[in-house]
Each structure stands twice: as structure tokens, then as C-alpha cells.
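Subject: Structure handover, with notes

Hi,

Here is the structure I promised to pass on, with my notes below it. Have a look at it first, then read on.

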Amino acid sequence: MSLYKLDPAAIDWGGVKYHTLLSPEATGGAMSIVDSLSPVNSGPPRHVHEAEDETFVLMTGTCEFWLEGEQFTRSAGESVFIPRGREHTFRVIGDQPCRHLVILTPGGFEGFFAEMAEKQCRIPEDMPTIEEAATRFNMRFSGPPLGV
């Protein structure tokens, strides 16, 4: 039985489901909260958010994180704070998907997920398109995903 109730508003990008729980419009741009369900072995390439702090609150599963050369693991009930400007990535490990909240301060980056889901961009095949969108959302890629 899934611990993730699929909301009709959830979007899917490459098997990862995203549902914005709190939009930047509702907070005057101060923050946003995205509920995410990521399958085992999924995770983005290393990257840097230039304008947003990012907090992960893990609700199910386990993730391996990489933050500027330090590698560590977090599981359900734990969280990770990544200040803006810090190179990082993560990968879901173990035998179950990871449901986590992504808290972005200020809000706005969740629009990147929506655009990528709409275009169904694939990594690495569509990296030029993904990188162009990332630039508009104040993010830059800096290396491969974990495990590659």
C-alpha cells in the first residue's frame, strides 16, 4: 500500500511525482512547499540553487545526500537544510520510494518541476533544454548524479 495519496494536481517528471502544497503566490513569494515522491535510485545531477535555500523533510524512505564533498544518509523523520549557493545532490537508496517535502525559501523554483514535467525532458538526452530552464530558475548544474 502506498503512503502517497496521488493528488489530481500532482505532476510527473521522469517517474518523480510533485505536488505543490504551498505556492509562492500564497506566501507573497516568501516560500513554497512541494510534496515529492521519488523512486529508488532517482536523484538529480549535482547542482547549485543561486537564489533559494532548500530544506528536505523525509517522510518515507532513505536518501543519500552529497553536499559540497560531504556524503551522508537521512531517513524518514529526518531533514536536511541546504543553503543557497551550495553544491549538492541526493539519491534515493534502499528498497522503497522516498516521499519528502521540499521547502524552498523564497518560493518559485517549483516552476522548474512543472516546466520539466510539461515538456517531459529526459536526463541526459535533453540536457540543453533542461539547462536553459535551470538558468531561468537560478540553478546551475555542476556534476553527475550520485552513483554515476
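To begin with a small puzzle: is Gln 120 buried, partly exposed or exposed? Gln 120 is partly exposed, because its relative accessible area is 40% (buried means under 20%, exposed over 50% and partly exposed in between, with a 1.4 Å probe and protein chains only).

Before the rest, some ground rules. This is a predicted model, in which local features need pLDDT of at least 70 and side-chain atom pairs count only at pLDDT 80 or more, while totals for chains, interfaces and linings use all residues. Residues are numbered from 1 along each chain as its sequence is written, and side-chain values use heavy atoms, with hydrogens and water left out.

**The chain as a whole**

The protein chain has two helices and 11 strands (helices are DSSP runs of H or I with at least four residues, strands are runs of E with at least two, and both are numbered from the N terminus). In sequence order the pattern is β-β-β-β-β-β-β-β-β-β-α-α-β.

The radius of gyration is 14 Å, which agrees with the value near 15 Å for a compact globule of 148 residues (it is taken over C-alpha atoms, and the globule rule is 2.2 Å times the number of residues to the power 0.38). Along the principal axes, the C-alpha atoms fill a box of roughly 35 × 35 × 30 Å. Of the 148 residues, 43% count as buried.

Taking contacts between residues at least 6 apart in sequence, 65% join residues at least 24 apart (contact means heavy atoms within 4.5 Å). The accessible surface comes to about 7,400 Å², and 54% of that belongs to carbon and sulfur atoms (areas come from the Shrake-Rupley method with a 1.4 Å probe; for residues, only the protein chains shown count as cover).

For your electrostatics, the mean positions of the 12 positive and 21 negative charges are 2 Å apart. Lys and Arg count as positive and Asp and Glu as negative, with His and the chain ends not counted; each charge is placed at NZ of Lys, CZ of Arg, CG of Asp or CD of Glu.

**Two residues in strands**

Asp 53 lies in strand β5, which covers residues 53–60. Asp 53 counts as buried because its relative accessible area is 16%. What does its side chain reach at 2.8 Å? The partner is the backbone nitrogen of Arg 84, a polar contact (a pair of N or O atoms within 3.5 Å; within protein, one must be able to donate a hydrogen and the other to accept it, and residues adjacent in sequence count only if both atoms are side-chain atoms). Leaving out residues up to four places away in sequence, Asp 53 touches Phe 81, Ile 82, Pro 83, Arg 84, Ile 103, Leu 104 and Thr 105.

Phe 72 sits in strand β7, residues 70–75, and is buried at a relative accessible area of 13%. With the same residues up to four places away not counted, Phe 72 touches Cys 63, Glu 64, Phe 65, Leu 67 and Val 80. The C-alpha atoms of Phe 72 and Phe 90, 18 residues apart along the chain, are separated by 9.5 Å.

**Helix α1 and the loops beside it**

The loop between β10 and α1 holds Pro 106, and the peptide bond from Thr 105 to Pro 106 is cis, with omega near -5°. Phe 109 lies in the loop between β10 and α1 too, and counts as buried because its relative accessibility is 2%. Among the residues that Phe 109 touches are His 49, Phe 137 and Met 139; its C-alpha atom is 8.7 Å from that of Met 139.

Helix α1 spans residues 110–119, and its buried residues are Glu 110, Phe 112, Phe 113, Glu 115, Met 116 and Ala 117. They pack against β1, β2, β3, β10, α2 and β11.

Next comes the loop between α1 and α2, where Gln 120 is found; its phi is near 50°, a positive value in a residue other than glycine. Pro 124 is in the loop between α1 and α2 as well, and the peptide bond from Ile 123 to Pro 124 is cis, with omega near 5°. In the loop between α2 and β11 is Asn 138, whose phi is near 60°, again positive in a residue other than glycine. At 38% relative accessibility, Asn 138 counts as partly exposed. For context, most residues other than glycine have a negative phi, and most peptide bonds are trans.

Best wishes
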